[in-house]
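User: Please examine a single part of this structure closely, namely the way its strands pair, and then relate that to the packing of the interior. A connected account would be preferred to a list.

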Amino acid sequence: MYAIDLNSDLGESFGAYTIGRDKDILPLVSSANVACGFHAGDPTIMAKTAAYCKESGTAIGAHPGFADLQGFGRRNMQLSPEDAKHLVIYQVGALDAFCKSEGISLQHVKPHGALYNMAAKDAALAKAICEGIYTYNPSLILLGLANSEMLRAAREIGLPHAAEVFADRAYEDDGTLVARSKPGAMIHDEDLAVSRVIRMIKNRTVTTVSGREIEICPDSVCVHGDSEKALLFVKKIRSALEKEGIAIKPIAQIITERA
């Protein structure tokens with residue numbers, strides 16, 4: 001039987017700015033990656049999103065990023081390994097405080113944006129992120145790009161980890177995501193995105209931007225919550241998974257059953 005986690009990046013509103021439809025999307029996904037105030041979100045949004053996760057029964061994870069509100073955490077920054085480690089600990093600890101206030105447990109940590117993409121290739125940065133998570137709570141699950149340096153670093157230090165794939169992003173031949181600045185980085189055809197997800201889960205392959213077939217073994221599929229048609233897209237993917245007999249389960253359950 002096939003099973004997958006369905007996750008979405010949420011809690012990205014900030015102050016007077018509202019982004020996404022979190023309350024509508026949360027019941028449709030099994031795990032939520034919640035912004036921790038550096039690239040998006042703020043203390044009130046974090047508190048509300050933790051409460052929404054509790055209400056919907058959706059597993060919650062921290063989504064730490066670079067301190068880059070203006071760039072939404074999508075601009076590369078050069079940090080020392082020590083600074084990157086502390087950046088992660090600070091943000092994970094902040095969200096965990098709101099989880100504790102709601103009486104729920106933090107499930108995982110998924111780096112955001114440029115931090116995520118840089119750590120997919122940079123072994124030193126990946127190690128710093130994993131060490132930050134491990135130092136804070138070694139039972140937290142790292143959610144990272146499939147076949148990336150992040151997952152290798154997690155394995156090396158004994159941190160639980162799960163491999164993530166993307167419904168609406170194109171892949172390079174080395175398994176990394178096509179940069180958003182390049183043509184074809186985003187997949188706008190929803191039917192194509194859905195069919196790719198099914199194939200990644202059942203066949204464990206994905207077609208890259210150059211047309212090559214590469215191996216990929218997903219534990220979790222990300223559907224972005226900040227696009228204009230995010231809600232319809234999540235509904236469409238969930239419906240397709242159910243029709244294909246693919247069970248939707250939170251990350252912790254996926255990796256427990258995988259072991």
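Analyst: In this predicted model, Asp 5 has Ser 220 as its bridge partner in strand S9, and this pair is a convenient point of entry. Strand S9 covers residues 220-222 and is joined to strand S1 by three bridges, with the two strands running parallel. Strand S1 itself spans residues 3-10, and seven of its eight residues are buried, so that the strand is mostly covered according to the limit of under 20% relative accessible area.

S1 has further pairings. With strand S2, residues 31-35, S1 shares four bridges, again in the parallel sense; here Leu 10 stands opposite Val 34. With strand S10, residues 247-248, S1 pairs in parallel over two bridges, and Ala 3 of that pairing faces Ala 247.

The surroundings of S1 lead directly to the packing of the interior. Leu 241 is in contact with Ile 4 and Leu 6, as well as with Val 197, Ile 198, Ile 201, Ile 246 and Ile 248, when its neighbours within four places in sequence are left aside. Ile 4 and Leu 6 fall within the range of S1, residues 3-10, and Ile 248 falls within that of S10, residues 247-248. Leu 241 thus touches residues of both of these paired strands.

Leu 241 also has a prominent place in the wider interior. The largest nonpolar core holds 73 residues, and Ile 60, Leu 95 and Leu 241 are the members that touch the most others. Helix H8, residues 230-243, makes the greatest contribution to this core, namely seven residues. As a matter of general background, nonpolar side chains in soluble globular proteins tend to be buried together.

A second core, separate from the first, has five residues, including Ile 141, Leu 143, Ala 162 and Ile 255. The strands around this second core can be described in the manner used for S1. Strand S5, residues 141-145, is mostly covered, with five of its five residues buried. S5 runs parallel to strand S4, residues 106-109, through two bridges, in which Val 109 has Leu 142 as its partner. S5 is also joined to strand S6, residues 161-166, by four bridges in a parallel arrangement, and Gly 144 is partnered there by Ala 163. Between S5 and S6 the chain passes through helix H6, residues 149-157, and the resulting β-α-β crossover is right-handed.

Ile 255 shows how a residue from elsewhere in the chain meets these strands. Ile 255 lies in helix H9, residues 251-258. Its relative accessibility is 13%, and because the limit for a buried residue is under 20%, Ile 255 counts as buried. Beyond residues up to four places away in sequence, Ile 255 touches Ile 141, Pro 160, His 161 and Ala 162. Although Ile 255 and His 161 are 94 residues apart along the chain, their C-alpha atoms are separated by 7.8 Å.

One further feature concerns open space. The largest pocket has a volume of about 540 Å³. Its lining comprises 29 residues, of which Gly 113, Ala 114, Asn 117, Arg 169 and Ala 179 lie nearest the centre. Helix H4, residues 113-121, supplies the largest share of that lining, with seven residues.

Key: Residues are numbered from 1 along each chain as its sequence is written. This is a predicted model: local features need pLDDT of at least 70, side-chain atom pairs count only at pLDDT 80 or more; totals for chains, interfaces and linings use all residues. Side-chain values use heavy atoms; hydrogens and water are left out. A nonpolar core is a set of buried Ala, Val, Leu, Ile, Met, Phe, Trp, Tyr and Cys residues joined through side-chain atoms within 4.5 Å. Buried means under 20% relative accessible area, exposed over 50%, partly exposed in between (1.4 Å probe, protein chains only). Contact means heavy atoms within 4.5 Å. Two strands pair if DSSP finds at least two bridges between them. A crossover is right-handed if, with the strands pointing away from the viewer, the path from the first strand over the helix to the second runs clockwise. On a 1 Å grid over the protein atoms alone, a cavity is a set of points where a 1.4 Å probe fits but cannot get out, and a pocket is an open set with protein on both sides within 12 Å along at least five of seven lines; lining residues have an atom within 4 Å of a point. Grid points are joined across faces, edges and corners, and a volume is the space filled by probe spheres set on the points.
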